[in-house]
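The following paragraphs go through one protein model, from a helix end to its sheets and its metal site. Please keep the sequence and the coordinates at hand while reading.

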Amino acid sequence: MNTLNPEDSLHSLRIFYLNEPERLVGIINLFNSYRNMDYPDRWNEVEKILERTGPFASEEFSPGPQVFDFVRNVCNVLVVGAGGLGCELLKNLALMGFKNIDVIDMDTIEVSNLNRQFLFRASDVGKPKAEVAAALINKRVEGCNVVPHFNKIQDFDESFYKKFHIIVCGLDSIVARRWINGMLVGINFEESEQDGSLIPMIDGGTEGFKGNVRMMVPAVTACIDCTLDLYPPQVTFPLCTIAQTPRLPEHCIEYVKVLLWPKERPDTAIDGDDPDHVRWIFDRACERAAEYNIPGVTYRLTQGVIKNIIPAVASTNAVIAAACAIEVFKLATSAYVPLNNYMVFNDVDGIYTYTFEAEKKEDCLACSQKAHPLTFSETDKLQDVVNFLMENANFQMKSPGLTASIDGKNKTLYMQSITSIEEATRPNLKKTLKELGIVDGQEIVVADSTTPSSLIFKLNLTSKMES
Ligand SMILES: [Zn+2]
């Protein structure tokens, strides 16, 4: 990837002005003065926006130099994720004048990131994304102070997240989004009781040529969990199609992955990064595709299907990150009315975008502050409850851990995250709720990676099966 190299540019200037040495000296002096300091008029354009009002200004906007001073010297922004969206966000925010930026990312740089995560170079492969991204921004944008955190979001507690005026997420994981959302719901509830300031969250997401931007104040406006059913479950193909009536190249690859592999190589788990595994699946998928006359099975697609890869598109990331950065700017300055509250972008076929207002959900898992009712029959097994929490569109949990107070004792019904407890509680999954001593009205505490705090469910236990 090309970067502007001052030495190269200087060299071209020397050749260009070979016959005008005086002008050359002047230009080189100017060049050097720019190279070592910030541009004197760097923030001209931003200041123009902030020092006068306009028809789209928000009501509380009072133009003047104090607004940019807030952006420059007071506002703390947290960028969650330093990947495709994160690189764009950091660059955009730094060039808008935001100076105090923190960035969290737990990943290290991979070769496949380099085509779009433009803050990284080939020599950075293996290094933490957050650290490399922060260092480059700090080097390129004079005065900017990006503080990197090579961490998981779960490594930090409330006291860390409370430091920020605005949090902007460029994540590729719904679980991580929900976790941050849950953290902000907690903080905002607390702050609103003490008349403190609420922390808004801007969330950007992309998938191939589609993307969305959301502006929310968790606990006040529609939050991530309020609209959980907007996240479709991962695309899977019906087994009967894969086995009997394949039509797409993906069906042929899935056939080998789901049916053939377990039969012929039962002792080995598929590793999408192992070329031998990919090749094995690819070869057999080709055979099946030939049998059904289906074109389009490639090695690359095979790897994509095995690893569930949706290709990342640099231009989609750029559009979504730009919209997110503008929302951060609007919130920090009140110069314009913020997005209300959900923007959809799609350039699969032409370009299409619209906005709508997602609504807060009465009984939202994260922000309603209500005990959530669950109805089961006493002959249902604990496994049914666990499956429901994982599969229901409103919950979509990953590995729920359930505890209940039974006969005055706190009892772990099932917990997946710690191996020894998982083994000890696994037999409970096959027991009915009645056998476990659960009664009608029982409160069950559920912990899951999708939320920083446990959730309380109230169990309505019916004595016969409801259809
Ligand atoms: Zn909610």
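Which residue follows α12, and what is the sign of its phi? The residue is N308, and its phi is positive, near 55°. The model is a predicted one, and this helix end is a convenient place to enter it. Helix α12 covers residues 299-306, and its buried residues are T302, G304, V305 and I306. An α-helix has 3.6 residues a turn, so residues three or four places apart point the same way. The buried residues of α12 pack against two other helices, α10 (249-264) and α11 (275-292).

Some overall figures give the setting. The protein has 467 residues, of which 44% are buried, and it contains 15 helices and 13 strands. Along the principal axes, its C-alpha atoms fill a box of roughly 95 × 65 × 40 Å. The accessible surface comes to about 24900 Å², and carbon and sulfur atoms account for 52% of that area. Of the contacts between residues at least 6 apart in sequence, 62% join residues at least 24 apart.

The strands can be followed sheet by sheet. One open sheet is built from eight strands in the order β3-β2-β1-β4-β5-β6-β7-β8, with mixed pairing. Its edges are β3 (145-149) and β8, each of which pairs on one side only. From one strand to the next, the twist averages 15°. At the β3 edge, strand β2 (residues 100-104) runs parallel to β3 and is joined to it by five bridges. One position to look at there is V103, whose bridge partner in β3 is P148.

Two helices can be described against this sheet. Helix α8, residues 174-193, packs on it and touches β1 (76-80), β4 (166-170), β5 (201-207) and β6, with a direction at about 170° to that of β5. Helix α13, residues 314-333, lies across β1, β4, β5, β6 and β7 (342-346) and runs at about 175° to β5.

A residue in another helix can be placed relative to I202. N44 lies in helix α3, residues 44-50. N44 has a relative accessible area of 33% and is therefore partly exposed. N44 and I202 are separated by 158 residues in sequence and by 26 Å in space, C-alpha to C-alpha.

Another open sheet consists of five strands in the order β9-β13-β12-β10-β11, again with mixed pairing. The edge strands here are β9 and β11, which each pair on one side only. Neighbouring strands are turned by 35° against each other on average, direction ignored. On the β9 side, β9 and strand β13 (residues 455-462) pair in the parallel sense over six bridges, and S377 stands opposite T462 in β13. Helix α14, residues 382-391, packs on this sheet and touches β9, β10, β11, β12 and β13, its direction making about 140° with that of β9.

Strand β10 (residues 401-406) has a partner on either side. With strand β12 (residues 443-447), β10 pairs in the antiparallel sense over four bridges. With strand β11 (residues 409-414), the pairing of β10 is also antiparallel, through five bridges. T403 shows both pairings: V445 stands opposite T403 in β12, and T412 is the bridge partner of T403 in β11. β10 and β11 form a hairpin with two residues between them, and D407 in the turn has a positive phi of about 55°.

The zinc site remains. What are the protein donors of the zinc ion? They are the SG atoms of C223, C226, C364 and C367, at 2.2 to 2.3 Å from the ion. Why is the arrangement called tetrahedral? The four donor atoms subtend angles of 101 to 117° around the zinc ion, and it is therefore tetrahedral; the cut-off requires that all angles lie between 85 and 135 degrees. Along the chain, the donors follow the spacing C-x2-C-x137-C-x2-C. The pair C223 and C367 links distant parts of the chain, 144 residues apart. C223 sits in the loop between β6 (210-216) and α9 (239-244), whereas C367 sits in the loop between β8 (352-356) and β9 (372-377). Both C223 and C367 are buried.

Conventions
Residues are numbered from 1 along each chain as its sequence is written. This is a predicted model: local features need pLDDT of at least 70, side-chain atom pairs count only at pLDDT 80 or more; totals for chains, interfaces and linings use all residues. Side-chain values use heavy atoms; hydrogens and water are left out. Donors are N, O and S atoms within 2.8 Å of the metal (3.2 Å for Na, K and Ca); water is not among the atoms, so sites may look incomplete. Four donors count as tetrahedral if all angles lie between 85 and 135 degrees; four count as square planar and six as octahedral if opposite donors are over 155 degrees apart and all others between 65 and 115; anything else is irregular. Buried means under 20% relative accessible area, exposed over 50%, partly exposed in between (1.4 Å probe, protein chains only). Two strands pair if DSSP finds at least two bridges between them. Axes are lines fitted to C-alpha atoms, for helices over the stretch in contact, and angles run from 0 to 180 degrees between N-to-C directions. Contact means heavy atoms within 4.5 Å. Accessible areas come from the Shrake-Rupley method with a 1.4 Å probe; for residues, only the protein chains shown count as cover.
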